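Open the model in your viewer and keep the sequence panel beside it. The stops below say what to select and what is there.

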Amino acid sequence: MAITQRMDLRQAQSLVMTPQLQQAIKLLELSNQELAAYVEQELEQNPLLERDENARGAEADTGTEAGETDRISSLEALTTEPMAAPSPDRVLDTTEFGRDGVVDDRQSPLDTDYDNLYNTAEGGSGETAAAQPEAGFTENWTAPATGSGGRSDFTEGEFGLEQTLARPETLREHLERQLYLDIHDPTERMIGLQLIDLLDDSGYLTGDLASLAERLGCSLAATETVLAKLQQFDPCGVFARNLAECLMLQLKERNRCDPAMATLLQNLDLLARHDRHQLMKLCGVDAEDLADMVSEIRALNPKPGANFEPLEVQAVVPDIMVWRRQDGSWSIELNNEQLPRLLVNQQYHARILPKTHNKAERDYINERLATANWLVKTLHQRATTILKVATEIVRQQEAFFLHGVQHLKPLIRRDIADAIGMHESTVSRVTTNKFMATQRGIFELRYFFTAAIQGADGQASHSAEAVRQKIKELIEAETAEDVLSDDRLVAILQGQGVDIARRTVAKYRESLRISSSVQRRREKALRSA
């Protein structure tokens with residue numbers, strides 16, 4: 001068979017992810033805060049997009065009842081023509097400069113005293129300055145030189161107002177200040193600075209001293225000597241290599257590190273398990289002395305550096321607001337406080353398009369217009385989709401909103417997708433990083449999707465989150481004389497119609513950060529003692 005070249009014409013269909021479709025998928029996953037940041041970026045890049053500042057005072061009623069998804073509450077896709085921009089001939093009122101370089105007091109809005117003025121031409125000698133231009137500054141204006149009678153705000157080395165604002169001292173700055181005060185040897189200072197760099201946010205020393213000494217070209221003994229000096233710095237307990245050493249440094253500062261306390265610190269694992277009998281045997285103390293020692297340890301700070309580097313806790317801003325009306329229906333709306341309303345300035349587009357000089361400029365203006373219109377349309381579709389998903393969640397989990405977590409039903413994303421006629425992946429994107437504010441608190445949308453646990457009768461099913469809540473309530477209600485083991489929890493749950501295995505109960509208990517029955521019994525006995 002001969003190999004030849006030929007040209008064929010074929011027709012095929014394929015799914016292509018256009019940039020607009022990729023943008024729509026991206027925006028669907030963003031939370032309100034992330035979307036607001038994205039919109040701000042688009043406002044900076046697109047001259048045809050504007051923020052509707054007057055829309056805050058006239059918020060539309062965005063509530064929707066369960067089952068109604070036609071009433072959309074979100075940032076509206078308003079494509080209106082804003083007011084015309086001011087004429088370019090109009091200039092702002094500025095301070096007038098006279099021919100003699102003196103500020104006209106009648107035109108100046110500032111409370112200016114003639115005694116505070118200085119002559120820029122003669123270095124502040126008080127003589128008349130050279131003639132200045134009658135209107136404004138020249139293009140080649142330079143900062144005035146500092147003279148004997150004046151002071152320039154542009155002098156090199158001086159600080160601006162924002163640089164004088166107070167801020168909390170960091171742990172590194174606090175330790176470096178003590179390092180330069182207490183240690184004068186340059187070599188030890190260099191080692192100390194390297195040790196400071198190895199601290200984590202809690203004040204613990206990370207890294208190996210031997211590798212540090214090898215990197216610096218000094219002996220391990222010299223590094224340990226500097227470390228011993230740094231461990232005396234404030235806050236007490238800093239530069240420790242583990243929890244036991246951190247507590248030991250603080251107890252030495254209080255002169256309370258006796259042999260019994262040192263033994264207790266060497267067996268912190270027994271203390272975590274509340275094994276009092278073994279601790280009393282190892283430390284050689286009675287129950288009363290052991291209780292006093294434990295109280296002293298609890299008064300110490302296990303993270304001495306955390307006070308200097310506080311974590312920035314960001315409050316959760318809900319994306320969806322849900323509450324019940326007086327007639328028993330549900331009102332569901334998007335949180336518009338975080339979302340700016342957008343306008344597409346069609347008038348500006350019509351005014352500048354005829355003034356373009358070439359095809360590249362016209363293409364740019366038209367592309368910006370298409371991008372702005374698509375963004376507004378995408379935001380509208382995003383709001384519609386989120387409200388559809390949220391409304392269906394409220395409809396299917398209405399028992400939870402009425403009676404609490406015990407009535408949370410098993411639910412998967414496919415159930416929501418089938419109910420609203422969308423793909424399961426779309427529902428997954430909508431429920432990512434979205435929070436719903438309800439009368440029972442703020443919940444992530446993923447919270448309402450839980451696995452099903454088979455009922456004891458073989459028909460009814462229970463939500464995994466509801467079963468987890470039942471386990472928590474049973475353990476919280478137990479007494480010191482009647483601590484519930486995992487086997488007893490299984491028996492109780494099976495008696496309530498939940499078919500669950502012991503390993504599942506243990507997994508749910510550990511996810512709730514609840515210790516085993518043996519440790520809980522020891523904790524309750526220690527508290528009662």
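This is a predicted model.

**Stop 1: a glutamine in helix α3**

Select residues 171–182 to show helix α3, then pick out Gln178 within that helix. Is Gln178 buried or exposed? Gln178 has a relative accessible area of 12%, and because the cut-off for buried is under 20%, Gln178 counts as buried. Now show the neighbours: leaving aside residues up to four places away in sequence, Gln178 touches Ile183, Phe233 and Asp234. With Asp234 there is also a polar contact to display, since the side chain of Gln178 reaches the backbone oxygen of Asp234 at 2.7 Å.

**Stop 2: salt bridges from helices α3 and α4**

How many salt bridges does a search of the whole structure find? The search gives 19. Start with Arg172 and Asp197, whose side chains meet in a salt bridge at 2.0 Å, N to O. This pair links distant parts of the chain, with Arg172 in helix α3 and Asp197 in helix α4 (residues 186–197), 25 residues apart. Colour by accessibility and both ends come out as partly exposed: Arg172 at 36% and Asp197 at 43%.

Stay on helix α4 and select Glu188 together with Lys229. Their side chains form a salt bridge at 3.0 Å, N to O. Glu188 lies in helix α4 and Lys229 in helix α6 (residues 220–230), so that the pair links distant parts of the chain, 41 residues apart. Lys229 is partly exposed, with a relative accessible area of 35%.

**Stop 3: helices α18 and α19**

Move along the chain to Asp487 and Arg502, where the side chains meet in a salt bridge at 3.0 Å, N to O. Asp487 is in helix α18 (residues 486–495) and Arg502 is in helix α19 (residues 502–511), so the pair ties together parts 15 residues apart in sequence. Both residues are partly exposed, Asp487 at 48% relative accessibility and Arg502 at 45%.

Before leaving the salt bridges, go back and add Glu176 to the selection: Arg172, Glu176 and Asp197 are joined into one network by salt bridges that share partners.

**Stop 4: the β6–β7 hairpin**

Select residues 435–438 for strand β6 and residues 441–444 for strand β7. In which sense do these strands pair? They pair in the antiparallel sense, over four bridges. Two residues stand between β6 and β7, and the two strands form a hairpin. To find one of the bridges, select Thr438, whose bridge partner in β7 is Gly441.

How values were computed
Residues numbered from 1 in each chain as written. Predicted model: local features only at pLDDT ≥ 70, side-chain atom pairs only at ≥ 80, totals over all residues. Heavy atoms only, no water. Buried < 20%, exposed > 50% of the residue type's maximum accessible area, 1.4 Å probe, protein only. Polar contact = N/O pair within 3.5 Å; in protein donor to acceptor, adjacent residues only side chain to side chain. Contact = heavy atoms within 4.5 Å. Pairing = 2+ DSSP bridges. Salt bridge = Lys/Arg side-chain N within 4 Å of Asp/Glu carboxyl O.
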